[in-house]
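I opened this entry to look up a few positions in the chain and then the chain as a whole. My notes follow in the order in which I looked.

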Amino acid sequence: MPKRVTAALLAVIVLAAAAAWADPGSAPRIADETREVFLENGMKMLLLLRPGQPGIAAGWVAKVGSANEHPGITGISHLFEHMMFKGSDRIGTRDPELDRELRTELDRVRAEMFAEERALREQVRLGLAASVAEAARASTAMAELQRRFDELLERQRENLVSGEFDRIYTEAGASRMNAFTNRDMTVYFVQVPKNKLELWFWMESERLYRPVFREFYAERDVVYEERRLRTDSTPTGAQDEVFNALFWRGHSYAWPIVGWPSDIAAITRAQARTYFERYYAPANLTLALVGDFDERQARAWAQAYFGRIPPGKEAPPDVITTSTPQLGEVTYRAEVEAPPATEIRWRTTAFAGRDDPALQVLSSVLAGKAGRLYRRLVLTDQTATRVGADADAAKYDGHFSVYAEGRQGVAPEQLRDALLEEVAQIAADGITDYELEKVKNKLTASQYRRLADPFFLMVQVLYFDGLRDWRTLD
């Protein structure tokens, strides 16, 4: 049967603050083990020594995500995640001079295409075409520009050394190289052998010091295709985007991290250069090393390689706009070919807010196979096949959600009512001492196990620093 999505956006539920997670004096503090170093250009470096570790977990965070974008360039932060693996003037190309010439010519032709697209967008706005792509197919001028553009792309590909950035790391014995972008940050990481730490300093500083944005337009198309596969081609992807946009109305979390389709197709390399200079400046970056290394040597390499990057011309602008007040309940309903499902969200607070610990505990009380939602909807009522709860606190705002995917024939309203009843019961009666202690023990043990892994610790330090400050990890 068609899926009917019912999503209610309600007022924030006031929750009693949970007790402290654990005795503050009972566990080692990351802050006591970390050396915080600032380079002369403003870049921050965090050093966590772990003697005896065979590899060094290394990474850095750029404090920029989709929340820093604006309509017209949505998706550019995620696009940078792709572009930063394309190398530099000295990595990824056979002939650097030819590469520079081709990039310049591609920019020039793309500027002509953008001017033509301006007229095509006007056709769409006037109802003369269904989309820019449809209008472009009827334009002989655009066809000629596209032909010239494709020829330049082919010449650029012939001059590339494909995947050289990854190959250099792999041949040096590095592993786990990857990156991720979310609403608030972009994080790059890898694990390198102890004797290859200087290589990491050179490689990572090289792509920041000599960025080329090579294959920019081709990679932009890759991101566009990624969006099509992950969103447009999934049963509920488009509906999830609409729901999110309704919930975050007026907030920079309203657009998807991958970007709106029209924006992805129009972003230029000149816009990317401006964005890079603003948000990838040294003062907006934090490096982290976790492992067995010589601290004095690491500081010297940091200054020698990353210290050569000039400081930014100006500080990145603040994210100012906040979501407009929700003056009532908003329900979004859609039908797709999928099982019935319901999600309900409440606005909460940003990361490290007053109620954040209580909400984390609450989500664990409700979620999981031992949680209240599973026992009620899956085992007792037998109306759902999957349930969950999520306390999502981001840098600039947060939400709490409960959701359920139902069996065939179950109305979404039935799922919604059951979810709200379980939340209302906790709001009225609280949770039991047994539930509280069980969840606290589970969360503490899980976090302890993860932080025992140097690689995960490095990612967590960067993640927390991207959200607020690395010390909040404690």
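I began with Gly59, which sits in strand β4 (residues 55–62), where helices (H or I, at least four residues) and strands (E, at least two) are DSSP runs numbered from the N terminus. Before going further I noted that this is a predicted model, in which local features need pLDDT of at least 70 and side-chain atom pairs count only at pLDDT 80 or more, while totals for chains, interfaces and linings use all residues. Residues are numbered from 1 along each chain as its sequence is written, and side-chain values use heavy atoms, with hydrogens and water left out.

Is Gly59 buried or exposed? Gly59 has a relative accessible area of 0% and is therefore buried, the term standing for under 20% relative accessible area, with exposed over 50% and partly exposed in between (1.4 Å probe, protein chains only). Not counting residues up to four places away in sequence, I found Gly59 touching Tyr188, Phe189, Trp200, Thr286, Leu287, Ala288, Met458 and Leu462, a contact being heavy atoms within 4.5 Å. Gly59 and Asn178 are separated by 119 residues in sequence and by 9.6 Å in space, C-alpha to C-alpha.

Next I looked up Ser77, which belongs to helix α2 (residues 76–83) and counts as buried because its relative accessibility is 2%. Leaving aside neighbours within four places in sequence, its contacts are Val64, Gly65, Ser66, Glu69, Thr181, Thr186 and Tyr275.

I then turned to backbone angles. Arg176 is not a glycine, although its phi is positive at about 60°; Arg176 lies in strand β5 (residues 175–181) and, at 43% relative accessibility, counts as partly exposed. Phe213, also not a glycine, has a positive phi of about 50°; Phe213 is in the loop between α7 (197–209) and α8 (216–232), and with a relative accessible area of 3% it is buried.

Why is helix α13 (residues 356–366) largely enclosed by the rest of the structure? I noted that 8 of its 11 residues are buried, so the surroundings largely enclose α13. Those buried residues are Asp356, Ala358, Leu359, Val361, Leu362, Ser363, Val365 and Leu366, and their cover includes α14 (372–380), β10 (384–393), β11 (398–406), α15 (412–429) and α16 (433–451). Just after α13, Gly368 takes a positive phi of about 80°.

For the interior I looked up nonpolar cores, which are sets of buried Ala, Val, Leu, Ile, Met, Phe, Trp, Tyr and Cys residues joined through side-chain atoms within 4.5 Å. The largest has 63 residues, and those with the most contacts inside it are Trp60, Trp200, Phe201, Tyr280 and Leu289. Another core, of 26 residues, lies apart from it and has Ala384, Leu419, Leu436 and Val439 among its members.

Last came the whole chain, in which I counted 17 helices and 11 strands. Its radius of gyration is 25 Å, which agrees with the value near 23 Å for a compact globule of 474 residues; this radius is taken over C-alpha atoms, and the globule rule is 2.2 Å times the number of residues to the power 0.38. Buried residues make up 49% of the 474 residues, and of the contacts with a separation of 6 or more, 81% join residues 24 or more positions apart.
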